[in-house]
Protein chains: 2
Amino acid sequence: MKIGIIGSGQVAQTLGEKLLELGHEVMVSSRDPDTVKDRGDWGTTPSANQWVAAQKGKGHAGAAAGSFADAARFGETLINATMGVASLAALGAAERGDIEGKILVDLSNPLDFSRGMPPSLAFCNTESLGERIQAEYPGAKVVKALNTVSVLVMVAPQALPEETDLIVAGNDADAKKWVIDELIKGWLGWKRVIDLGDITNARGTEMYLPLWVRLFGVAGTPLVNIKVVAAQS
Amino acid sequence: MKIGIIGSGQVAQTLGEKLLELGHEVMVSSRDPDTVKDRGDWGTTPSANQWVAAQKGKGHAGAAAGSFADAARFGETLINATMGVASLAALGAAERGDIEGKILVDLSNPLDFSRGMPPSLAFCNTESLGERIQAEYPGAKVVKALNTVSVLVMVAPQALPEETDLIVAGNDADAKKWVIDELIKGWLGWKRVIDLGDITNARGTEMYLPLWVRLFGVAGTPLVNIKVVAAQS
């Protein structure tokens with residue numbers, strides 16, 4: 001499948017490589033494909049073009065980089081992997097018709113680092129990024145998913161010592177079924193997924209992030225997630 | 001130990017009974033100890049005085065009810081079990097000197113039901129109820145704890161099919177140690193507790209509530225909690 005990833009940061013690159021390994025064609029995207037990103041204490045992230053060269057060196061001929069508009073046009077399915085506070089601007093650089101009608105997996109969170117660490121959210125509670133994107137593109141099949149874990153766990157759930165949960169939300173039942181059964185379980189190897197319902201439930205998973213960043217801090221590793229345990233009814 | 005519970009709703013009554021069973025003296029508190037609370041689809045909650053009568057009928061001689069001021073005066077340790085949006089008003093009805101200097105376990109969440117279900121939060125993100133209470137009573141040893149589970153799980157963690165986590169936050173190390181080792185592990189029987197750090201981390205656990213209410217909805221039971229799973233570092 002041709003997958004257009006909006007974004008070219010660490011999440012886009014790591015998930016993109018995983019999708020290439022699975023045999024898909026992947027285009028990551030950015031404003032400038034030659035910009036190397038400085039992530040402070042976390043080092044640097046290669047430019048989009050460097051990522052493509054590295055992937056081709058690994059035999060992944062289906063790797064490509066382009067503008068946000070290029071990736072939206074390219075993808076049969078789209079993944080939003082930009083910083084959440086920049087997502088609508090990035091999507092807005094694409095042709096509307098290249099987004100509407102497609103499955104758009106939104107794995108971003110509107111983290112606000114401007115007020116210090118750990119980050120807060122730029123908006124939350126009575127709204128969410130997932131809903132903002134769905135409202136801006138009413139014909140897109142937005143599925144909020146994968147935003148509750150580090151990309152390192154996202155592509156390798158077996159890195160954790162037991163099975164944990166991913167939590168999804170979205171309005172389109174068929175799109176959600178595809179994301180759960182194909183992308184999350186089939187491609188990425190997850191066993192446990194919880195469907196919260198429509199896209200308004202993205203509020204729940206995005207508002208979990210302030211807890212997640214703190215659990216990350218206490219655990220001392222981004223390889224952390226939650227398992228939901230309920231009494232048998 | 002003499003425990004003053006600010007509040008007399010279902011959480012106060014259920015936790016209060018558990019503490020009575022453990023041999024403590026417990027005073028619940030309300031504006032009017034004869035008011036039976038209508039909880040809509042959830043039925044009614046007995047009045048504070050009805051609760052006391054029922055507890056004495058069970059042989060729990062240490063059960064009492066009083067005003068918020070009475071409970072604050074009575075308790076060597078205090079527990080805030082009011083609705084979060086009403087907590088500061090309830091505490092404000094007590095003598096300041098009956099709160100300052102004591103451990104105050106804050107298990108409330110500032111849930112806002114006025115915008116429909118599931119509830120949102122009345123405030124969050126850059127503040128929390130735990131912080132507001134700590135700021136109002138600088139000498140109190142506020143420990144945010146127990147707010148991430150239903151009271152049914154709080155007093156009976158073994159109701160879940162495996163051990164799950166409670167997550168606490170607070171500024172006073174000794175108070176937090178007492179809450180974790182004595183109250184949570186010793187009295188209530190929990191095995192797993194995560195300490196996030198100072199009281200600002202109450203933002204994390206309070207912002208988890210919008211996810212919790214949705215997990216409750218999907219699970220179809222309030223007997224639900226999370227287990228935090230991290231890779232061994």
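Visitor: Welcome me in with a single residue: between which two elements of chain B is the place of Leu146(B)?

Guide: Gladly, and please keep in mind that this is a predicted model. Leu146(B) sits in a loop of chain B. The elements on either side of that loop are β10 (141-144) and α6 (151-154).

Visitor: Is Leu146(B) buried or exposed?

Guide: Its backbone is worth a look before we count neighbours: Leu146(B) has a positive phi of about 70° although it is not a glycine. Most residues other than glycine have a negative phi. As for its surroundings, 20 or more other C-beta atoms within 10 Å make a residue buried. Leu146(B) has 27 C-beta neighbours inside 10 Å, so it counts as buried.

Visitor: And what about Asn125(A): how many other C-beta atoms lie within 10 Å of it?

Guide: Asn125(A) also has a positive phi, near 75°, without being a glycine. Its loop runs between β9 and α5 (129-136) of chain A. The residue is classed as partly exposed, because the number of other C-beta atoms within 10 Å is 19.

Visitor: Which residue is joined to Met117(A) by a cis peptide bond?

Guide: The bond has an omega of about -10°, whereas most peptide bonds are trans. Chain B has a cis bond from Met117(B) to Pro118(B), with omega near -10°. In chain A, the partner lies in the loop between β8 (111-112) and β9 (120-121). That partner of Met117(A) is Pro118(A).

Visitor: How far apart are the C-alpha atoms of Pro157(A) and Gly189(A)?

Guide: Pro157(A) belongs to the loop between α6 (151-154) and β11 (165-170) of chain A. It counts as buried because it has 21 C-beta neighbours inside 10 Å. Beyond four places in sequence, it touches Thr164(A), Leu188(A), Gly189(A) and Trp190(A). Although Pro157(A) and Gly189(A) are 32 residues apart along the chain, their C-alpha atoms are separated by 6.9 Å.

Visitor: Zooming out, what is the radius of gyration of chain A?

Guide: Chain A holds nine helices and 13 strands. For its 233 residues the globule rule gives 17 Å, and chain A comes close to that, so it is as compact as a globular protein of that length. Its radius of gyration is 17 Å.

Visitor: By what turn can chain B be laid on chain A?

Guide: The superposition has an RMSD of 0.0 Å, with a shift of 0.0 Å along the axis and a turn of 180°. The two copies are thus related as by a two-fold rotation axis. Both copies use the same surface, with 100% of the contact residues of chain B recurring in chain A. The turn itself is 180°.

Visitor: Which element supplies the largest share of the side of chain B that touches chain A?

Guide: Each chain brings 38 residues to the contact. On the side of chain B, these divide into 21 nonpolar, 12 polar and five charged. The element with the largest share gives seven residues, and it pairs with strand β13 (residues 224-230) of chain A in the antiparallel sense over seven bridges. That element is β13(B).

Visitor: Within that pairing, which residue is the bridge partner of Val228(A)?

Guide: Val228(A) has its partner in β13(B), the strand that runs antiparallel to β13 of chain A. The partner is Ile226(B).

Conventions. Residues numbered from 1 in each chain as written. Chains lettered and ligands numbered in written order. Predicted model: local features only at pLDDT ≥ 70, side-chain atom pairs only at ≥ 80, totals over all residues. Contact = placed C-beta atoms within 7 Å. Helix = DSSP H or I, 4+ residues; strand = E, 2+ residues; numbered from the N terminus. Nonpolar A, V, L, I, M, F, W, Y, C, P; charged D, E, K, R; others polar. Pairing = 2+ DSSP bridges. Rg over C-alpha atoms; globule rule 2.2 N^0.38 Å. Buried ≥ 20, exposed ≤ 12 C-beta atoms within 10 Å, placed from the backbone. Least-squares fit on C-alpha atoms with pLDDT ≥ 70 in both.
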